[in-house]
Amino acid sequence: MMLNAKEEVIAANSKLISVIVVTYNAAKTLQTCLNSIFAQTYPAIELIIVDGNSTDGTKEILEANNSRINYWISEPDKGIYDAMTKALKKATGQWIYFLGADDELLPDFSTMVGALSSPNRVYYASVLTRHLKPLGKVSDYYLAKLGIIQQSIIYPKLAFEKHSYNLKYKSSADFAFNMTCFGDKELEFYYLDYVIAKFADGGMSSHYKDVVFEKDKPFLILKNFGPKLWFRFMFRKLKGKARSIAG
């Protein structure tokens, strides 16, 4: 990502954001994803890619874009969150953002990054997915019960200095991480009205139920959201079970 002299001055006065992409056999979509990152107008983006030793041409795409990627590696990993953890160790930005290899950034991403201010806020916006209306600001109960799409969130580096992904959750470690961040009194979830990405909805969390996470979910809600929301969650869960039995 070569900058001219004017861009270097702007970048020097901008807060760096680390955009992390983890890949595995993503050759069909990766270049489009990369192009959406390269097209951003925000001048201080650090691009980090961790690939799980792909065999479909993904590595060749990374090599072809090598001069525009700050860091990339291709090697076997233990799953998506292991790869994300590897990437985090290389990230130097004040802000952290995860993008799927089949997702695309929109122009609002640059606008939103320029509006970030508090290092104690977990900022979230909206994404486009399945042609549905952008979600917008959500309630605490929504965060606890359903969570929000990771591609809608820009994290301060403080979040990962204090917390990490629990690798026992195979497809919902990001959900669990967000719950932990919500329960951290030093962090605040804060909505900004932008639509920052196209979310492909093709990742693991969209198609595989994380049984271990679902088992732990009531405890995580109680711990991080308090007894009031926990009681509401459990009441509706038990009510739903009763209806299914009756039906």
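This talk walks through the predicted model shown above, from the sheet to a few single residues.

Let's start with the overall count. The protein chain has 11 helices and eight strands. Its length is 247 residues, and buried residues make up 47% of them. Now look at contacts between residues at least 6 apart in sequence. Of those, 77% join residues at least 24 apart.

Next, the sheet. In what order do the eight strands lie? The order is 3-2-1-4-7-6-8-5. The sheet is open, and the pairing is mixed. Which strands stand at the edges? They are strand 3, residues 71–74, and strand 5, residues 104–105. Each has a single partner strand, so one side of each is left without a neighbour in the sheet.

A word on pairing itself. Strands of a sheet pair through backbone hydrogen bonds, either parallel or antiparallel. Both senses turn up around strand 8, so let's stay there. Strand 8 covers residues 188–198. Strand 5 runs antiparallel to strand 8, and two bridges join them. Strand 6 also pairs with strand 8, but in the parallel sense, over seven bridges.

Find K198 in strand 8. What is the bridge partner of E104 in strand 8? That partner is K198. Now come over from strand 6. L128 stands opposite K198 too. So K198 is a handy landmark on screen: E104 pairs with it, and L128 faces it.

Now helix 5, residues 108–115. Helix 5 packs on the sheet. Which strands does helix 5 touch? The list is strand 1 (17–23), strand 2 (45–51), strand 4 (95–98), strand 5, strand 6 (121–128), strand 7 (153–156) and strand 8. Compare directions with strand 8, and the angle is about 155 degrees.

Zoom in on one residue of helix 5, V113. Is V113 buried or exposed? V113 has a relative accessible area of 3%. The cut-off for buried is under 20%, so V113 is buried. What does V113 touch, leaving out residues up to four places away in sequence? It touches I17, Y42 and I154. One distance to add: V113 and Y123 are 10 residues apart along the chain, and their C-alpha atoms are separated by 9.6 Å.

On to the interior. How many cavities of 30 Å³ or more are there? The count comes to one. Its volume is about 40 Å³. The lining is L143, G147, I148, F175, N178, M179, F182, F189 and F225. By class, that is seven nonpolar residues, two polar and no charged.

Which helix gives the most to that lining? Helix 8, residues 173–183, with four residues. Helix 8 is mostly covered, with eight of its 11 residues buried. The buried ones are A173, D174, F175, A176, F177, N178, M179 and C181. Keep F175, N178 and M179 in view. These residues of helix 8 are buried, and they also appear in the cavity lining.

A general point on helices. An α-helix has 3.6 residues a turn, so residues three or four places apart point the same way.

Two loop asparagines now. N25 is found in the loop between strand 1 and helix 2 (30–38). N25 has a positive phi of about 50 degrees, although it is not a glycine. Its relative accessible area is 31%, so N25 is partly exposed. Then go to N53, in the loop between strand 2 and helix 3 (58–64). N53 also has a positive phi, near 65 degrees, and again the residue is not a glycine. At 31% relative accessibility, N53 counts as partly exposed.

Last stop, K86. Where is K86 found? In helix 4, residues 80–90. K86 has a relative accessible area of 22%. Buried would need under 20%, so K86 is partly exposed. What does K86 touch, not counting residues up to four places away? The contacts are V50, E75, P76 and D77. K86 and I49 are 37 residues apart in sequence, yet 9.7 Å apart in space, C-alpha to C-alpha.

To recap: an open sheet of eight strands with mixed pairing, helix 5 packed on that sheet, and one cavity of 30 Å³ or more, with helix 8 giving the most to its lining.

Definitions and conventions
Residues numbered from 1 in each chain as written. Predicted model: local features only at pLDDT ≥ 70, side-chain atom pairs only at ≥ 80, totals over all residues. Heavy atoms only, no water. Pairing = 2+ DSSP bridges. Contact = heavy atoms within 4.5 Å. Axes fitted to C-alpha atoms, helices over the stretch in contact; angles between N-to-C directions. 1 Å grid on protein atoms, 1.4 Å probe; cavity = no way out; pocket = protein on both sides within 12 Å on 5 of 7 lines; lining within 4 Å. Points joined across faces, edges and corners; volume = space filled by probe spheres on them. Nonpolar A, V, L, I, M, F, W, Y, C, P; charged D, E, K, R; others polar. Buried < 20%, exposed > 50% of the residue type's maximum accessible area, 1.4 Å probe, protein only.
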